[in-house]
Amino acid sequence: MSDMKLKLRCENVSKTFIQKGNQEVPVIRDITLSVFENEFLVILGPGQSGKSTLLKIFAGLEQPDTGTITLDGRPVEGPGPDRGLVFQSYMLFAWKTVRDNVELGLKLRGIPAEERRRTAQHYIDLVGLTGFEKHYPHQLSGGMKQRVGIARAYANTPSIMLLDEPFGQLDAQTRMFMQKETARIWEQERRTVIFVTNNIDEALFLGDRIVLMEGKLPGTIKTEYELSLPRPREHTSMDFLRLRKEITDNTELVL
């Protein structure tokens with residue numbers, strides 16, 4: 001990927017949490033990673049491998065003990081509108097409609113009402129929620145709620161999207177549908193995405209590149225896989241199944 005523009009650089013990053021009784025728990029150690037413009041990067045690993053902590057450091061929600069993070073050449077020192085966040089929990093405001101939830105970040109930035117309505121509608125349409133603008137979260141399925149979260153993150157036009165196991169609460173059928181929707185939206189928007197998951201099939205279906213984490217703390221990068229699988233991808237293709245077996249043999253994750 002030497003010919004691609006560098007987007008985010010993580011260099012020698014480590015993080016230790018202090019638990020009750022001043023016990024130190026090293027969570028990630030000496031992570032060095034480059035992410036490139038418009039790349040769909042997947043960070044894959046089992047629970048307790050430090051992958052979500054690493055994403056929170058990229059988001060500026062946690063500060064590393066050592067090392068540096070730069071985005072577009074500028075140090076990441078805290079949260080910012082240049083990073084769109086989607087978490088496993090839906091994090092929608094129950095008393096706001098779909099449209100109001102999607103418009104929220106735009107409103108906080110002081111965007112005029114007509115412009116934010118137009119922008120919000122574009123992303124509501126993009127995620128397939130046309131006609132649900134006036135619905136409240138309790139009227140939506142889990143997959144629809146997560147689509148609202150994705151639309152809200154995209155509406156702020158971040159330069160990079162950070163998704164932390166966003167489909168972990170969904171049933172298998174809805175999860176597969178949301179994977180297809182995520183791939184479709186990424187191909188249409190072509191924005192840099194860092195996607196955290198513990199699901200091998202999900203990683204293979206979505207990623208341009210997979211960063212595989214060790215299955216224990218402190219988290220370190222075990223290996224990387226560059227994917228040349230054509231899109232749209234098929235779970236039953238021979239190349240997909242070959243890579244699936246290779247990754248399965250190289251990790252503690254189970255299918």
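This report describes the sheets, helix packing and unusual backbone features of a predicted model.

**Basis of the description**

Residues are numbered from 1 along each chain as its sequence is written, and side-chain values use heavy atoms, with hydrogens and water left out. Since the model is predicted, local features need pLDDT of at least 70 and side-chain atom pairs count only at pLDDT 80 or more, while totals for chains, interfaces and linings use all residues.

A UniProt record (unreviewed entry) lists residues 8-240 as "domain: ABC transporter"; UniProt positions are given in the numbering used here, feature names are shortened, and annotations may be inferred rather than shown by experiment. Over residues 8-240 the chain is 33% helix and 28% strand, and the end C-alpha atoms are 28 Å apart. Helices (H or I, at least four residues) and strands (E, at least two) are DSSP runs, numbered from the N terminus.

**The antiparallel sheet**

Four strands form an open sheet in the order β2-β1-β4-β5, with antiparallel pairing; two strands pair if DSSP finds at least two bridges between them. The edge strands are β2 and β5 (74-75), each of which pairs on one side only. Helix α1 (residues 51-59) packs on this sheet and touches β1, β2 and β4, its direction making about 120° with that of β1. Contact here means heavy atoms within 4.5 Å. Axes are lines fitted to C-alpha atoms, for helices over the stretch in contact, and angles run from 0 to 180 degrees between N-to-C directions.

Within the sheet, Lys15 stands opposite Ile28 in β2. The hairpin of β1 and β2 has three residues between the strands, and Gly21 in this hairpin takes a positive phi near 85°. A positive phi also occurs at Asp30, at about 55°, although Asp30 is not a glycine; this residue lies in strand β2. Towards β4, Arg9 stands opposite Thr70, and the bridge partner of Cys10 is Ile69.

**The mixed sheet**

Strands of a sheet pair through backbone hydrogen bonds, either parallel or antiparallel. In the second open sheet, six strands follow the order β6-β7-β8-β3-β9-β10, and the pairing is mixed. Strands β6 (83-86) and β10 (221-226) stand at the edges with a single partner strand each, so one side of each is left without a neighbour in the sheet. The twist averages 15° from one strand to the next. Where β3 pairs with β8, the bridge partner of Ile43 is Val196 in β8.

The table gives strand pairs from both sheets.

| Strand pair | Sense | Bridges |
|---|---|---|
| β1 (residues 6-19) and β2 (residues 23-36) | antiparallel | 10 bridges |
| β1 and β4 (residues 66-71) | antiparallel | five bridges |
| β3 (residues 40-44) and β8 (residues 192-197) | parallel | five bridges |

**Helix packing around α4**

Helix α4 packs with both α3 and α5. The axes of α4 (residues 142-155) and α5 (residues 172-189) come within 11 Å and cross at roughly 20°. The two helices are therefore roughly parallel to each other; angles under 35 degrees count as roughly parallel, over 145 as roughly antiparallel, 65 to 115 as roughly perpendicular and the rest as oblique. Their crossing is right-handed, the term for a near helix turned clockwise from the far one by less than a right angle, with anticlockwise giving left-handed.

On the α4 side of this contact are Gly143, Arg147, Ile150 and Tyr154, which meet Thr174, Phe177, Met178, Glu181, Thr182, Ile185, Trp186 and Glu189 in α5. These residues divide into six nonpolar, three polar and three charged. Ala, Val, Leu, Ile, Met, Phe, Trp, Tyr, Cys and Pro count as nonpolar, Asp, Glu, Lys and Arg as charged, and the others, Gly among them, as polar.

The axes of helix α3 (residues 113-126) and α4 come within 9 Å and cross at roughly 135°, which makes α3 oblique to α4. The crossing of α3 and α4 is likewise right-handed. Here Thr119, Tyr123 and Ile124 in α3 meet Ala151, Tyr154 and Ala155 in α4, a set of five nonpolar, one polar and no charged residues. Tyr154 thus takes part in the contacts of α4 with both α5 and α3.

**Cis peptide bonds**

A cis peptide bond joins Leu217 and Pro218, with omega about -5°, and Pro218 lies in the loop between β9 (209-213) and β10. The peptide bond from Arg231 to Pro232 is also cis, with omega near -5°. Pro232 lies in the loop between β10 and α7 (238-249).
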